[in-house]
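Trainee: Got a minute to go through a model with me? I'd like to start with one residue and work outwards.

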Amino acid sequence: MALWRGSAYAGFLALAVGCVFLLEPELPGSALRSLWSSLCLGPAPAPPGPVSPEGRLAAAWDALIVRPVRRWRRVAVGVNACVDVVLSGVKLLQALGLSPGNGKDHSILHSRNDLEEAFIHFMGKGAAAERFFSDKETFHDIAQVASEFPGAQHYVGGNAALIGQKFAANSDLKVLLCGPVGPKLHELLDDNVFVPPESLQEVDEFHLILEYQAGEEWGQLKAPHANRFIFSHDLSNGAMNMLEVFVSSLEEFQPDLVVLSGLHMMEGQSKELQRKRLLEVVASISDIPTGIPVHLELASMTDRELMSSIVHQQVFPAVTSLGLNEQELLFLTQSASGPHSSLSSWNGVPDVGMVSDILFWILKEHGRSKSRASDLTRIHFHTLVYHILATVDGHWTNQLAAVAAGARVAGTQACATETIDTSRVSLRAPQEFTTSHSEAGSRIVLNPNKPVVEWHREGISFHFTPVLVCKDPIRTVGLGDAISAEGLFYSEVHSHY
């Protein structure tokens with residue numbers, strides 16, 4: 001009987017300690033272990049910890065991601081904004097009576113047939129792309145079908161509006177957005193986003209976002225990755241109509257960070273208008289008071305001459321920071337005859353050493369140095385499975401937190417979760433890589449416990465981190481903008497800017 005009572009007491013005590021675990025989860029582990037030991041119940045069970053590579057990596061990120069000492073207070077963002085109509089690409093093309101044929105890229109779409117060929121071309125690669133649709137009437141017909149299609153969703157669109165929306169999620173930041181804002185977009189914007197009256201217009205600009213999932217099939221076609229194909233007939237953003245409104249609003253708003261995007265929208269304009277507008281862009285950036293960093297967000301382009309002009313006609317030296325993905329980086333080096341420019345496309349995951357070489361070349365050839373009057377000191381590169389933040393030494397701090405935060409938001413936003421859900425993401429970054437192919441680079445082996453890898457090359461620092469890729473993404477649109485905004489949010493610029 002005594003033996004039974006002793007076992008019962010021990011059971012009740014174990015149950016009580018279990019309740020303490022449950023009801024006081026914040027109690028220090030040492031206190032719980034001490035309590036357990038004092039009851040003579042043997043060694044305390046170890047608290048559960050993340051064991052998967054994804055879990056270890058997410059926990060390591062959380063420890064690294066800290067707010068900078070000097071934080072942005074007022075961020076001005078411009079100049080492209082629209083309403084994104086998001087729906088299944090395959091279902092829309094079927095609704096338009098189109099059937100899968102041969103894929104073919106078109107730099108500008110002139111017809112429904114061009115749309116079908118370009119969509120198939122990029123869906124087959126699992127690559128993102130954005131194109132201008134030249135025929136106004138045909139586009140409006142397609143847009144009406146898309147907007148009314150069952151399951152079609154309307155979101156804030158345009159790089160500037162998306163970046164502004166991401167910044168506005170932080171209540172201690174004031175955000176100014178300049179762009180063509182119609183009634184639907186104004187309704188969708190966060191209350192924390194201020195739009196000057198000069199930016200408001202009677203009609204919205206619509207962009208159609210045709211999404212597809214990894215493994216989705218259409219005829220003989222099978223998508224290797226989830227992604228999207230974007231197209232529009234957008235004249236307001238194409239002419240960057242809000243540029244002057246944007247710059248004139250800065251004096252009153254007094255931002256400490258400016259984010260500019262929308263240059264890619266000029267592809268539908270004539271060469272003469274492009275050249276004229278680029279000169280006006282450079283003049284407008286020059287009017288921004290010295291000491292305010294300017295971040296330029298690039299986007300999908302096909303016009304090599306326009307990209308070359310952006311690189312060479314003083315746009316790069318006029319901005320402080322760049323944000324871009326693997327398609328834009330390769331197109332940039334092809335257009336400006338940079339490293340690895342003979343590569344026609346990436347073969348699967350972009351090679352880290354090649355990406356690093358191109359980033360190094362941009363900052364060495366067009367970035368700030370003792371012999372060059374350039375403001376460019378930072379590039380945030382993102383691709384599906386990893387990100388790299390490259391900075392000229394002496395100008396930025398908190399890079400570990402910035403690159404980790406950008407990668408973390410890629411996983412949470414794609415999966416539509418508040419925090420990383422390790423059951424819904426996977427670590428797909430290369431386990432080993434070389435940091436350069438142009439010179440003798442270092443050999444890096446990935447360690448999920450130390451997810452940010454740092455290396456240096458001639459006064460330029462590189463911070464690399466893998467991405468925890470969402471297995472079944474809810475929405476892929478705007479990921480690049482969220483990544484850039486989050487990276488900037490955690491970045492700190494030195495006060496000598």
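**One threonine and a pocket**

Mentor: Sure. Threonine 412 is buried, with a relative accessible area of 11%. Keep in mind that the model is predicted.

Trainee: Why does threonine 412 count as buried?

Mentor: Because its relative accessible area is 11%, and buried means under 20%.

Trainee: Where is the place of threonine 412?

Mentor: In helix 16.

Trainee: And what is threonine 412 in contact with, leaving aside neighbours within four places in sequence?

Mentor: Thr417, Glu418, Thr419 and Ile420.

Trainee: Now pockets. Which residues lie nearest the centre of the second largest pocket?

Mentor: Lys166, Thr412, Gln413, Ala416 and Thr417. So our threonine is one of them. The lining has 35 residues.

Trainee: Which elements give two or more residues to that lining?

Mentor: Helices 3, 7, 16 and 17, plus strands 2, 5 and 8. Helix 16 supplies the largest share, 5 residues.

Trainee: What volume does the second largest pocket have?

Mentor: About 910 Å³.

Trainee: And what is its lining like by class?

Mentor: It has 15 nonpolar, 10 polar and 10 charged residues.

Trainee: Switching to the whole protein. How many helices and strands?

Mentor: 17 helices and 24 strands.

Trainee: What share of the residues counts as buried?

Mentor: 55% of the 497 residues. The protein exposes about 21,500 Å², and carbon and sulfur atoms supply 52% of that area.

Trainee: What about contacts far apart in sequence?

Mentor: Take contacts with a separation of 6 or more. Residues 24 or more positions apart account for 72% of them.

Definitions and conventions
Residues are numbered from 1 along each chain as its sequence is written. This is a predicted model: local features need pLDDT of at least 70, side-chain atom pairs count only at pLDDT 80 or more; totals for chains, interfaces and linings use all residues. Side-chain values use heavy atoms; hydrogens and water are left out. On a 1 Å grid over the protein atoms alone, a cavity is a set of points where a 1.4 Å probe fits but cannot get out, and a pocket is an open set with protein on both sides within 12 Å along at least five of seven lines; lining residues have an atom within 4 Å of a point. Grid points are joined across faces, edges and corners, and a volume is the space filled by probe spheres set on the points. Helices (H or I, at least four residues) and strands (E, at least two) are DSSP runs, numbered from the N terminus. Ala, Val, Leu, Ile, Met, Phe, Trp, Tyr, Cys and Pro count as nonpolar, Asp, Glu, Lys and Arg as charged, and the others, Gly among them, as polar. Buried means under 20% relative accessible area, exposed over 50%, partly exposed in between (1.4 Å probe, protein chains only). Contact means heavy atoms within 4.5 Å. Accessible areas come from the Shrake-Rupley method with a 1.4 Å probe; for residues, only the protein chains shown count as cover.
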